[in-house]
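Hello,

Here is the structure I promised to pass on to you. Have a look first, and then read on for what turned up in it.

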Amino acid sequence: CLQRNQFPQHYHGITEQHQPAELIPNFSTIEYTVNRGAPSPLIFLFVVDTCVEEEDLQALKETLQMSLSLIPQNAMVGLISFGKMVLVHELGCEGISKAFVFRGNKELSGKQIQDFLNLTPGAHAANAANKFLQPLAKCDMSISDLIEELQPDPWPVPTGKRPLRSVGVA
């Protein structure tokens, strides 16, 4: 708004004899080709609050399982659960549940979290990210098991108080 738009680079040498196709009256339709790489897969990162009653968590787990059945098999999925602590679940492990645990009352910068999760830019960053995000076809059973194993936050809540949630860190 209130600024001039720059002309495309190919308009540089426009003359009466040399006009771009969009300015020639005989050309009623112009088709453009956009050069894009392969589209990246969809990413579904489930962030689950475990500071709920057992019945509510069970209903949420059922809904998450149903959601998994509706997601395309090539979509990338990941799982983070939080209560008083934050758990970033690894999906690349076969037969064992692994998670990185962060204290909910400790402030961490994005850089610190990247360092802890080994996601710092470099050659190994893509491989490290694959621990937390996997194509659904590859980790369907492991993420289903992880969702089924979710438990309500174990930390006691004093009567009349709200549960301690680590929403900021999550």
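To begin with a small puzzle: is Lys111 buried, partly exposed or exposed? Please keep in mind as you look that this is a predicted model. Lys111 turns out to be partly exposed, because its relative accessible area is 49% and the exposed class begins over 50%.

I started there because Lys111 forms a salt bridge with Asp115, with 3.0 Å between the closest N and O atoms. A search of the whole structure finds one salt bridge. Both residues lie in helix H2, which covers residues 110-116, and they are four residues apart, so about one helical turn separates them. Asp115 is partly exposed as well, at 39% relative accessibility.

Now for the overall layout. The protein has four helices and five strands, and along the sequence they follow the pattern β-α-β-β-β-α-α-β-α. Of its 170 residues, 26% are buried.

What holds the centre of the largest nonpolar core, in terms of contacts? This core has 16 residues, and the ones that touch the most other members are Phe46, Leu68, Ile71, Val77, Leu79 and Ile143. Two or more core residues come from each of strand E1 (43-49), helix H1, strand E2 (76-82) and helix H4 (136-149). H4 gives the largest share, with five residues.

On the surface there are two patches to point out. One is a patch of negative charge, where Glu53, Glu54, Glu55 and Asp56 gather. Asp56 sits in helix H1, which spans residues 54-70, and H1 is also one of the elements that give two or more residues to the core. Asp56 is partly exposed, with a relative accessible area of 48%. Its salt-bridge-free status fits the search result above, in which the pair found is Lys111 with Asp115.

The other patch is nonpolar: Phe27, Ile30 and Tyr32 make a surface area of about 330 Å². Within this patch, Ile30 belongs to the segment before E1. How accessible is Ile30, then, and what class does that put Ile30 in? At 31% relative accessibility, Ile30 counts as partly exposed, and patch members need over 30%, so Ile30 just qualifies.

I hope this gives you a handy way in. Do write back with anything you would like to discuss.

Best wishes

Technical notes
Residues are numbered from 1 along each chain as its sequence is written. This is a predicted model: local features need pLDDT of at least 70, side-chain atom pairs count only at pLDDT 80 or more; totals for chains, interfaces and linings use all residues. Side-chain values use heavy atoms; hydrogens and water are left out. Patches are made of residues with over 30% relative accessible area and no salt bridge: like charges are joined within 9 Å, nonpolar side chains (Val, Leu, Ile, Met, Phe, Trp, Tyr) within 5 Å. Accessible areas come from the Shrake-Rupley method with a 1.4 Å probe; for residues, only the protein chains shown count as cover. A salt bridge is a side-chain nitrogen of Lys or Arg within 4 Å of a carboxyl oxygen of Asp or Glu. Lys and Arg count as positive and Asp and Glu as negative; His and the chain ends are not counted. The place of a charge is taken as NZ of Lys, CZ of Arg, CG of Asp or CD of Glu. Buried means under 20% relative accessible area, exposed over 50%, partly exposed in between (1.4 Å probe, protein chains only). A nonpolar core is a set of buried Ala, Val, Leu, Ile, Met, Phe, Trp, Tyr and Cys residues joined through side-chain atoms within 4.5 Å.
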